[in-house]
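Here's a quick look through one chain, with an eye on its charged side chains and a few odd backbone spots. Have the structure open as you read.

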Amino acid sequence: FGGSVAAVNAALDGMAFSPPPEYSGGATLAITARDAIVIALERDASLAGRYTFEGSAADVAPGVPQDGSLLGNASFAAATGHGAVLVLDGDGDAVQVAGVVGTANVTIGGWVNLSVLAGGRSEFISLDDRVHIALDDIAGVKGSVQVGPGQWLDLNSGQSFAGTGWHHVMYVYDDAADRHSLYIDGQLAATATTPASIDWAGATTPWIGRHPTNTPLWDFEGQI
């Protein structure tokens, strides 16, 4: 586009071009677009942890940071269409976060690219096994909560991810509404009512890419 300063600013639709006085000639404008949902996340004070893996496992959510630590050969790389990602090789790699935020209502999730399934399932996120997302379990991708000692409540999708590229998965446990829901690629994949509450007793450590106990065949292999 071109024309007067007024015409350029009209084309920019809310952004402003302010050249020096008496400026004449061409100009190159670099415009970077950001998703409104991402901006909202960055400002959401209720967000307990957010990990973009842009060269570190730092927590970039508002509030007190809960930074992660890399285990094993975990590393970072650039993925086409997804920017910086966490790379795990399925053999002891993970991100360990110090401290669980135990709340009645919980939402966890993110983007995953599961390369292969080594064993019975692949762990994505586990809040010390009290709330977690596991990929490609017997009944597919699932969200799960612990509701008592040795008691878990699963919500299964019937969908599997291994070898199918990038997917977005979110698990929501709404204790106030007595319901939990699992979303895959922006669509509701499963939902159910539940009167139970999360049993946070003894929970200490969130994990990304592995189960809290040493279960090598459940280690995640792929990108997050």
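Asp154 comes out as partly exposed, at 35% relative accessibility; that label covers the range between buried (under 20% relative accessible area) and exposed (over 50%), using a 1.4 Å probe and protein chains only. Its side chain meets that of Lys142 in a salt bridge (3.1 Å, N to O). The pair ties together distant parts of the chain, with Lys142 in strand E8 (residues 140–148) and Asp154 in strand E9 (residues 151–156), 12 residues apart. Shared salt-bridge partners join Asp137, Lys142 and Asp154 into one network. A salt bridge here is a side-chain nitrogen of Lys or Arg within 4 Å of a carboxyl oxygen of Asp or Glu.

Before going on, note that this is a predicted model: local features need pLDDT of at least 70 and side-chain atom pairs pLDDT 80 or more, while totals for chains, interfaces and linings use all residues. Residues are numbered from 1 along each chain as its sequence is written, and side-chain values use heavy atoms, with hydrogens and water left out.

How many salt bridges does a search of the whole structure find? It finds three, and here they are:

| Pair | Closest N to O |
|---|---|
| Arg121 – Glu123 | 2.7 Å |
| Lys142 – Asp137 | 2.9 Å |
| Lys142 – Asp154 | 3.1 Å |

Lys142 counts as buried because its relative accessibility is 5%, and Asp137 is buried too, with a relative accessible area of 18%. As for the other pair, Arg121 is buried at 9% and Glu123 is buried at 0%.

Asp175 tells another story. It is buried yet has no salt bridge, and the nearest side chain of opposite charge, Arg179, is 12 Å away. What does the side chain of Asp175 make a polar contact with? The partner is the side chain of Ser197, at 2.9 Å. (A polar contact is a pair of N or O atoms within 3.5 Å; within protein, one must be able to donate a hydrogen and the other to accept it, and residues adjacent in sequence count only if both atoms are side-chain atoms.) Asp175 is found in the loop between strand E10 (166–174) and strand E11 (179–184). Leaving out residues up to four places away in sequence, Asp175 touches Ala104, Asn105, Ala196 and Ser197, where contact means heavy atoms within 4.5 Å.

Now for the backbone. Most residues other than glycine have a negative phi. Phe53, though, has a positive phi near 60°, and Asp136 has one of about 55°. Phe53 is found in the loop between helix H2 (36–43) and strand E1 (68–71) and counts as buried at 4% relative accessibility. Asp136 has its place in strand E7 (residues 131–137), and is buried at 6%.

His168 is found in strand E10 and is partly exposed, with a relative accessible area of 24%. Its C-alpha atom is separated by 7.1 Å from that of Gly186, 18 residues apart along the chain.

Zooming out, the chain has two helices and 14 strands, taken as DSSP runs numbered from the N terminus (helices, H or I, at least four residues; strands, E, at least two). Of its 224 residues, 37% count as buried. The C-alpha atoms fill a box of roughly 75 × 40 × 35 Å, taken along the principal axes.

Note on methods
Lys and Arg count as positive and Asp and Glu as negative; His and the chain ends are not counted.
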